[in-house]
Amino acid sequence: MNLYPALFAVAFGGALGALARYGTTLILIHFIYKETFWATLTINLIGCFAIGVVSALILHHKPHAAWALILMTGFLGSYTTYSTFTLDALTLMQKGQFGIAALHLSIQLLGGFALCLAGLATAQQIINWQQ
């Protein structure tokens with residue numbers, strides 16, 4: 001894929017992912033959580049599951065290379081955020097909430113890994129079911 005179409009694909013997906021992240025954060029904070037770090041955690045876990053599903057579907061269906069850039073690099077790259085969850089954990093530690101910070105980090109890492117694996121497995125089951 002040429003450079004400029006690839007950059008456009010990443011930028012397009014990134015813009016959509018950033019908007020989706022912001023919108024999801026607002027909805028979660030308004031209806032479910034009072035603290036933003038729980039919204040970040042939820043978004044990152046959703047994103048881990050989604051990237052598992054998307055990567056399995058892309059590997060199976062082999063669409064145009066732009067789709068991987070739009071969906072994985074762009075959309076999911078901006079929808080989830082490692083830097084924000086790290087800052088959230090540091091903020092919790094600065095507040096003296098070490099237990100919640102450790103729980104937060106553990107769920108981000110272990111939950112993210114488990115949900116990415118679950119996403120891959122789910123997509124594989126769907127692919128196998130369709131065949």
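This is a short talk on how the helices of one protein chain pack together.

Okay, hi everyone. Before anything else, keep in mind that what you see above is a predicted model.

Let's start with the whole chain. How many helices and strands are there? The protein chain has five helices and zero strands, so to read the elements off from the N terminus you just say α-α-α-α-α. If you follow the C-alpha trace along its principal axes, the span is about 50 × 35 × 25 Å. There are 131 residues in the chain, and 31% of them are buried. Now take the contacts with a separation of 6 or more: 73% of those link residues 24 or more positions apart.

Next, the inside. Which residues make up the largest nonpolar core? There are seven of them: Leu 28, Ala 39, Ile 43, Val 54, Ile 58, Leu 76 and Tyr 79. Two helices, α2 (36–61) and α3 (65–79), each give at least two residues to this core. The largest share comes from α2, with four residues. For the first-years, here's the background: in soluble globular proteins, nonpolar side chains tend to be buried together.

Have a look at Ala 39, one of those core residues. Setting aside neighbours within four places in sequence, Ala 39 is in contact with Thr 25, Leu 28, Ile 29 and Tyr 33.

That takes us to helix packing. Helix α1 covers residues 3–31, and its axis lies 9 Å from that of α2, at an angle of about 130°. Why do we call this pair oblique? Oblique takes in angles that are over 115 but not over 145, and with about 130° between them, α1 and α2 are therefore oblique to each other. The crossing of α1 past α2 is right-handed. On the α1 side, the contact uses Arg 21, Thr 24, Thr 25, Leu 28 and Ile 29. On the α2 side you'll find Thr 36, Ala 39, Thr 40, Thr 42 and Ile 43. Sorted by class, that's four nonpolar, five polar and one charged.

Last one: α1 with α3. Here the axes come within 6 Å and cross at roughly 35°, again as a right-handed crossing. The α1 residues in this contact include Ala 6, Phe 12, Gly 13, Gly 14 and Leu 16, and among their α3 partners are Ala 66, Leu 69, Gly 74 and Tyr 79. By class, the contact of α1 with α3 has twelve nonpolar, seven polar and one charged residues.

Okay, that's me done. Thanks!

Key
Residues numbered from 1 in each chain as written. Predicted model: local features only at pLDDT ≥ 70, side-chain atom pairs only at ≥ 80, totals over all residues. Heavy atoms only, no water. Core = buried A, V, L, I, M, F, W, Y, C linked by side-chain atoms within 4.5 Å. Buried < 20%, exposed > 50% of the residue type's maximum accessible area, 1.4 Å probe, protein only. Contact = heavy atoms within 4.5 Å. Axes fitted to C-alpha atoms, helices over the stretch in contact; angles between N-to-C directions. Parallel < 35°, antiparallel > 145°, perpendicular 65-115°, else oblique. Left-handed = near helix turned anticlockwise from the far one by under 90°. Nonpolar A, V, L, I, M, F, W, Y, C, P; charged D, E, K, R; others polar.
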